[in-house]
Amino acid sequence: MKIDKPERGERPEPKPAAEAGRRHGRRTREILIRGIPVSPGVAIGAVFDTSEPPAEAPRRSIEPDAVDAEKQRLAAAVATSRKQVGKLKMRLSVLPEEAQEELEPLLDAYAMMLGDSRLIRGARKRIEQGLLAAETAVADEADAIAEAILAARDDDKAGLRRRAGEVREIARRLTRNLTKNPFRSFKDVPEGAILVAEELTPADAALLDPSRIAGVATEEGGADGHTAIMLRALGIPALLGAPGLTEAARRGDGAVLDGAAGSLALHPTAATLTHAREQLAAYARERQRLGKLRRLPAVTTDGELVELQANMEIPAELPLIAQAGAQGIGLLRSEFLFMNREDLPGEDDQFAAYGPIVEAMNGDPVTIRVLDWGGEKDMQALAAGVEPHHVSPNPALGLRGIRMLLKRPELLEAQFAAILRVAAAAPDGVVRVLLPMVTVPEEVKSAREIYERVARRLRRRGEKLPEKLPELGAMIETPGAALAADAIALEADFFAIGTNDLAMYTLAVDRGDAEVAHLYDPLHPAVLRLVQFSTEAALRLRMPVSICGEMAGNPQLVPLLLGLGIRSLSMNASAVPRVKQAVRALDIGDCARFARRVMEQSDPVRIRELVDGFATGVTERG
């Protein structure tokens, strides 16, 4: 099949490369390698393997009289690293616009970490007080920060891993510059090649030319890291986390990479090549179709409007939200303001952070969740000014979310004040406030008393505030909150159902524990009944209710959620186009009947079969 003009995500097929394995006299049996799907698209080309010396240095101590010299070494490495990040930013101009919008904020974050950040201050302190060599001090401080971030109790594990990865990436760059260890180069990668590596860092991804590289496959990595985000932004078909990849693939091997399926076929058969060419054409048509959806409303076939919003973890995600066509931010996590700093952000700091985000949304709604901070977290990882009152033996059931904020009302007051000031500059109703980890009505009532007290204080101070204060909502993320939803609804203005934590608490499963992760199932009937109960409690009072967990971003689950009465979904920005496509193919009456059938079931396996079957039927009808 001839493709005259490749679309984004589609790569021209270099025919000689596809036959390279045969021409070089190697084995011709097709080998299929599985990995994690990261960036959709199909690539046909020759393998080009690339490696990089590890950014490691032996642990080393220093004598007291060498402290100043070691600090100077660190300063020189910081300066060199800043120049390198600056060069990477200059290179962005040759990349596609979407990639520029994704990569530039991340490189800005790198530059900030190379300034007067906790990482640099901590490394200096370890040199001075621990008498450690600069590279050892950097590694130890980065590990401490990353481990504290990863230990945080947050339903967005992917975000935690990304933040920890940012810290470690800067540490690796500093270590390379301290040890004069060379960086990887992609200058010799031939056009149309499939790049194979053990690991690819975000900085590596910034150096890739999507017009030359057909696809990317690595042995390490996952779908939620910055490297994955960058590859998606660049439109390069990719899979990560493929065990045995570098051992099986050799430079010049013919290969077919399927980024959506997470597979790499080495020495592809004629049938595999034919299927890949057909996929290339189909993928190009799919990209065009999803692109056209951006400005179309999320409305069902029978005219029911569904609100599709985006979750936002850091301001760098704003461009992705705009590109996806989301109708606002359904969950703005405010924790980014408390990360990688040693002091608490004050009211003015937070006002300065929230204001541009609300302004950038240009009148679309923004729901700001106040600090969701768990008692198990290393408080110093977020702000040295906050010390835990105690160490809980079971942090997930301890002092976290609204419980912690009510114990430390000064934190809540500062956030409320900043949000109220931002709301005053926005159209009425644009800004909303969300309380995390609510379990009883009294928590919403107590928070509202603080909220109204802060508003009175601001008015006395002469601040202009909206006549009607922004709505104050509650996150429903525990079985107790779901079962008490009718009572909580009397105190709250809206609900946001966090299905990730709700499933975790209901099923007593930590998804981060490999021994029990397989038991985590958002389609378990107990979880679905709690979602249904919470939704119905809100709808009885004609109160807005949304889903903001991973369920919201799964197109297969959209019919069930709509059938349960949900009309507002908040998800990762990248999921919005496909969810919108699903919504526009559905009829609310069909969804309601389907939901009733699902809710009659008691077997999670049967529920999954019904969900899969309904989704297949919609696809075939579409």
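## Around Ala276

Setting aside neighbours up to four places along the sequence, Ala276 is in contact with Val42, Ile44 and Val256. This is a predicted model, and Ala276 is a handy place to start reading it. The residue sits in helix α11, which covers residues 270-293. With a relative accessibility of 0%, Ala276 counts as buried. There is also a long jump in sequence here: Ala276 and Gly41 are 235 residues apart along the chain, yet their C-alpha atoms are separated by 9.9 Å.

## The chain as a whole

Zooming out, the protein chain has 25 helices and 16 strands. It runs to 622 residues, and buried ones make up 55% of them. As for contacts between residues at least 6 apart in sequence, 71% join residues at least 24 apart.

## Two helices, checked for length

Helix α6 takes in residues 134-150. What span should its 17 residues have at 1.5 Å a residue? The expected value is 24 Å, and the end C-alpha atoms are 24 Å apart, so the two agree. The helix is mostly covered, with 12 of its 17 residues buried. Among those buried residues are the charged-name entries Glu135, Asp140 and Glu141, along with Val138, Ile145 and Ile149.

Helix α21 (residues 525-540) gets the same treatment: 16 residues at 1.5 Å each should span 22 Å, and its end C-alpha atoms are indeed 22 Å apart. Its buried residues include Pro525, Leu528, Val531 and Ala538. After α21 comes Arg542, which has a positive phi, near 55°.

## Strand β11 and its partners

Which residues of strand β11 (residues 366-369) are buried on each side? Val366 and Ile368 are buried on one side, and Thr367 and Arg369 on the other, so both faces of the strand are covered. In a regular strand the side chains alternate between the two faces of the sheet.

β11 has a parallel partner in strand β10 (residues 329-333), with 3 bridges between them. Leu332 has Ile368 of β11 as its bridge partner. Strand β12 (residues 431-435) also runs parallel to β11, joined to it by 4 bridges. Here Val366 is matched with Val431 of β12.

## Rings and charges

The count of aromatic pairs comes to 2. One of them is Phe594 with Phe614, a stacked pair at 4.3 Å centre to centre and 25° between the planes. Phe594 belongs to helix α24 (residues 588-599) and Phe614 to helix α25 (residues 604-621), so the pair ties together parts 20 residues apart in sequence. Are these rings buried or exposed? Phe594 is buried at 6% relative accessibility, and Phe614 is buried too, with a relative accessible area of 16%.

Two arginines are placed over aromatic faces. Arg421 lies over the face of Phe351, at 4.2 Å from the ring centre. Arg432 lies over the face of Phe494, at 3.7 Å from the ring centre.

## Pro604 and Thr499

Pro604 is found in helix α25. At 22% relative accessibility, this proline counts as partly exposed, because the cut-off for buried is under 20%. What does Pro604 touch, not counting residues up to four places away in sequence? The list is Asp521, Leu523, His524 and Pro525. The C-alpha atoms of Pro604 and Pro525 are separated by 6.4 Å, although the two prolines are 79 residues apart along the chain. Pro525 also turned up above, as one of the buried residues of α21.

Thr499 lies in helix α20 (residues 499-507) and is buried, with a relative accessible area of 1%. Leaving aside neighbours within four places in sequence, Thr499 is in contact with Tyr520, Val531, Ile547, Gly549, Glu550 and Met551. Val531 in that set is another of the buried residues of α21.

## Cysteines

How many disulfides does the structure hold? The number is 0. Two cysteines are worth listing anyway. Cys548 counts as buried at 4% relative accessibility, and Cys591 is buried with a relative accessible area of 0%.

Conventions. Residues numbered from 1 in each chain as written. Predicted model: local features only at pLDDT ≥ 70, side-chain atom pairs only at ≥ 80, totals over all residues. Heavy atoms only, no water. Helix = DSSP H or I, 4+ residues; strand = E, 2+ residues; numbered from the N terminus. Expected span 1.5 Å × (residues − 1). Buried < 20%, exposed > 50% of the residue type's maximum accessible area, 1.4 Å probe, protein only. Contact = heavy atoms within 4.5 Å. Phe/Tyr/Trp six-rings, centres within 6.5 Å; stacked < 30°, edge-to-face > 60°. Lys NZ or Arg CZ within 6 Å of the ring centre and 35° of its normal. Disulfide = S-S within 2.5 Å. Pairing = 2+ DSSP bridges.
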